[in-house]
Amino acid sequence: MPLSEHEQRLLDQMERALYAEDPKFASALEGTGLRTYTRRRVYFATAGFVLGVGLLMGGMIVQQRFIWLSVVGFLVMLGCAVLAVAGWRRSPVVGPGNGLGSAPPVRRGAGVMDRMEQRWQRRRDEHDGF
């Protein structure tokens, strides 16, 4: 659940105070542990994907007797791809002005329901004007 505007302002204030008071300590807390964990998770998922490709190809080479090997390889590839994409999207964004690296989630675009609601509101406003 995202923070409210008031909570976000308080957090930003505390981060600025921490940087002003002890910049060395604040820079040590910049969230490197979470970034490292996320990066490691994506690397393992990528390695698992490559292993899944190998299993898939191995099952194709051996053909009839070990067709299950191809199915397992495909499932490993699918699972690892999902883990890698999920880990990549959740990775924290660290940049200047971001404080301790804890950025609120960025909304890339309005969802379908939001767009429909905006259209509906525009139509109601236009209809009320006539």
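This passage describes the overall make-up of a predicted model and then the surroundings of several residues in and beside helix H4.

The chain contains 5 helices and 0 strands. Read from the N terminus, the order of its elements is α-α-α-α-α. Of the 130 residues in the chain, 13% are buried. The accessible surface of the chain amounts to about 10,800 Å², and carbon and sulfur atoms account for 64% of that area. Among the contacts in the chain with a separation of 6 or more, 58% involve residues 24 or more positions apart.

Helix H4 spans residues 67-90, and Ser70 is located within it. The relative accessibility of Ser70 is 7%, and Ser70 is therefore classed as buried, because the limit for a buried residue is under 20% relative accessible area. Leaving aside residues up to four places away in sequence, Ser70 makes contact with Leu55, Leu56, Gly59 and Met60. With Met60, a polar atom of the Ser70 side chain lies 3.2 Å from the backbone nitrogen.

Leu56, one of the residues touched by Ser70, also lies beside a second residue of the helix. Phe74 is part of H4, and its C-alpha is 6.0 Å from that of Leu56, although the two residues are 18 apart in sequence. Phe74 has a relative accessible area of 46% and is accordingly partly exposed. In Ser70, by contrast, the corresponding value is 7%, which places Ser70 in the buried class.

A nonpolar patch on the surface is formed by Ile61, Val62, Phe66, Ile67, Trp68 and Val72, whose accessible area together is about 570 Å². Two elements, helix H3 (32-62) and H4, each give two or more residues to this patch. The largest contribution is that of H4, with 3 residues. One of the patch members, Ile67, is found in H4. Ile67 shows a relative accessibility of 49% and so counts as partly exposed.

Two further members of the patch, Phe66 and Trp68, were examined for ring geometry. The whole structure yields 1 aromatic pair. In that pair, the ring centres of Phe66 and Trp68 are 6.1 Å apart and the ring planes meet at 65 degrees, so the arrangement is edge-to-face; the angle required for that class is over 60 degrees. Both partners retain some accessible surface. Phe66 has a relative accessible area of 32% and is partly exposed, while Trp68, with a value of 49%, is likewise partly exposed.

Taken as a whole, the region around H4 includes the buried Ser70 and the partly exposed Phe74. The nonpolar patch on the surface, to which H4 gives 3 residues, includes both rings of the edge-to-face pair, Phe66 and Trp68.

How values were computed: Residues numbered from 1 in each chain as written. Predicted model: local features only at pLDDT ≥ 70, side-chain atom pairs only at ≥ 80, totals over all residues. Heavy atoms only, no water. Helix = DSSP H or I, 4+ residues; strand = E, 2+ residues; numbered from the N terminus. Buried < 20%, exposed > 50% of the residue type's maximum accessible area, 1.4 Å probe, protein only. Polar contact = N/O pair within 3.5 Å; in protein donor to acceptor, adjacent residues only side chain to side chain. Contact = heavy atoms within 4.5 Å. Patch = residues over 30% accessible without salt bridge, like charges linked within 9 Å, V, L, I, M, F, W, Y side chains within 5 Å. Areas by Shrake-Rupley, 256 points an atom, 1.4 Å probe, with all protein chains shown as cover. Salt bridge = Lys/Arg side-chain N within 4 Å of Asp/Glu carboxyl O. Phe/Tyr/Trp six-rings, centres within 6.5 Å; stacked < 30°, edge-to-face > 60°.
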